Amino acid sequence: MIDQRFDSTVTTTCGYCGVGCRLEAHTRDGRVVAISPALDGPANEGHTCLKGRFAHQFGRHRQRLTTPLIREGDGFREATWDEALRRIVSELERVKSAHGPDAIAGLASSRATNEDCFAMQRLMRAAIGTNNIDNCSRVCHSPTSYAMRRSLGMSGATGSFADIDHADAAIIIGANPTEAHPVAGARIKQAALRGMKLVTIDPRRIELADYGVLHLSPRAGTNAAVMLGLQHVVARDGFVDHDFVDRRTEGYDELAELIAQYTPDEVQRITGVPAADIEAAAHIYAEAGEACVIWGLGVTEHKYGSEVVRLICNLALMTGKVGRPGSALLPMRGQNNVQGSSDVGALPDTYSGYRRVGDEEVARSFEAKWGVPLSREKGYTIPQMLDAAVDGQLKAMYIFGEDPAQTDPDTHHVVAALESLDFLVCQDIFQTETTKYADVILPAATFLEKEGTFINAERRIQLVEPVVAPPGEARTDLEILTTVSRALGHEMGYTCAEDVMDEIAALTPDFAGVTYERLGRSGLQWPVAPDGTDAPILYEEEFTLPGGKARFAPLPYLPPGSEASDEFPLVLVTGRRLMHYNAGTMTRRTANLDLFPSDVLEIHPDDAERLWISDGDLVSVRSPVGRIEIEAQVTDSIERGHVFTAFHFPEVRTNVLIGQSADVNTSCPEYKVMAVDVRPVQEE
Ligand code: SF4
């Protein structure tokens, strides 16, 4: 039925979080005026949250970039596309000829489409000649990807959100879906209300704890000990599924030896969680017929984040709770396309489908398609790019849809890196903290203004449709990237986003059967076979590691990179707010700002009283690398000894406080544990 209030209605996919809600975007007079949920959206089933439903006004905000800008003195002047392109080409060619292609690096965006990210990595690899390409999943879920590939075989959830509906129990560790993935959070609540036994594990008492049967509040940075303790109890009390372990896994004996030492009492000593609660949580999970483990950045953004993901895999493997309905491992990917941006190869070490750049056969298949020689050497990760810029090895960057000056750790170091570059191109929809350091800024399109696909947290590839045209001279990311590549002498030959997906499918076995026609309204969950059959559940018969067996990881607890001390007695944990999304670039330009206009530092009443801090006081937060001022909010939702805030506001600059400690395997920053000193501002 046609709704007379609107000129058109287009079904697309939400551009905010990794749930991947399908939305109906309604227009009037060339503007998006309303958004409602698509009733047949497989991930949202007729629901949305206040971000997806209401936070679309940013698209027509007066601060949108609508023309290219070129630096002039301390500011910028408007330029034509031709002038901006000439400048980009001449500067990139100058750097390449003086310092080689590896003196240039690019950042793709986990907010952009798969087609945009694929074009960006092709721009860097084929037009520039370097593997210096990374994306912002580096600083959130790279540990998940790393660990799941090594334990199970593939870099993605083992099941679907629908598994939550079939689970008898679930553990949520280091995730706050109510705020960061609200529609999935609501699904978890509904399942708990229907009787699913929910265990929450987090230093904050997240809202979902009120729906659960047990909340564990470990000291920040001790997740590994909690997981090892759960495994100890599972083994000790006879819950190991030996048939599954024998047939489908390797390495259990070594794990059994390790977990023997992680008794509940020992885990209590390390984590502060009562031994009885470790026992109870293990029994709830192990005794359930079907059970899920759901995690987020509270697991990954740690020095040993990737190792904790492997320990989560251990728990599922030893109980045989993987590869069947209701028993899934579900990492809650943060941004809308964290999964896809890496799946399609916007990474320094892998092409699409996580195939190594040094793999001769794979590299040759890309060379044959693109008609240029490609480097076999790994490129820089984001942290390596920033270090190389400060050291003078990296001279130019092309950053698209990312704002590292606000989102990446150790802001002073990021700014020093950006200031060290000879040349910086930014491609975005608004001026950001990062564009302040740009030489050229290119105006791009929002997710409501372009075509392509996103991949949600359950590996579901879904169509993104243009609802309105970009404003002014803004262009889609794909149009910009192909134009820049052409100007650099490498013609990509795409006429539309579908051409890009066809190329991804031709080059990537996991996407072999993907076509826009097959994606339709419900999408497909990769791997997609050539005949179009997809995979809502992975590993039903075998794992995708050599021999078809999963691998246990016997990894001990090791302390975090930052610990409370006399000088820095509290531990800062950072996270997200319901009303805002990531850097806040979009949600701060919508009515969501009225709902949550500035950030606060959550502090436990006992800590606040000891430090003479009252609710609403302006406090100073100091870490070894930086200092900010922020309003205090006294609340017992945070564990004693910890404080919490988010990083959505450039005025607060939370990431000034975060240091260089990072995951030992993937360089994902340790945003979740930073020792700080907090005191009222007037005391300083
Ligand atoms: Fe968008 Fe996520 Fe909200 Fe769904 S839950 S509407 S995907 S922000």
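User: What makes a stretch of the chain a helix or a strand here, and how many of each are there in the chain?

Analyst: Helices (H or I, at least four residues) and strands (E, at least two) are DSSP runs, numbered from the N terminus, and by that rule the chain has 24 helices and 28 strands. This is a predicted model, in which local features need pLDDT of at least 70 and side-chain atom pairs count only at pLDDT 80 or more, while totals for chains, interfaces and linings use all residues. Residues are numbered from 1 along each chain as its sequence is written.

User: Which residues of helix α11 are called buried, and what makes a residue buried?

Analyst: A residue is buried if 20 or more other C-beta atoms, placed from the backbone, lie within 10 Å of its own, exposed if 12 or fewer, and partly exposed in between; in α11 (residues 264-271) the buried ones are Pro264, Val267 and Thr271. They cover an arc of only 60 degrees around the axis, taken from the directions from the helix axis to the C-beta atoms, so they lie on the same side of α11. On the face turned away from that buried side, α11 carries the exposed residues Asp265 and Arg269.

User: Why does the radius of gyration of the chain agree with a compact globule?

Analyst: The radius is taken over C-alpha atoms, and the globule rule is 2.2 Å times the number of residues to the power 0.38; for 684 residues a compact globule would therefore have a radius near 26 Å, and the chain, with 24 Å, agrees. Of the 684 residues, 60% are buried.
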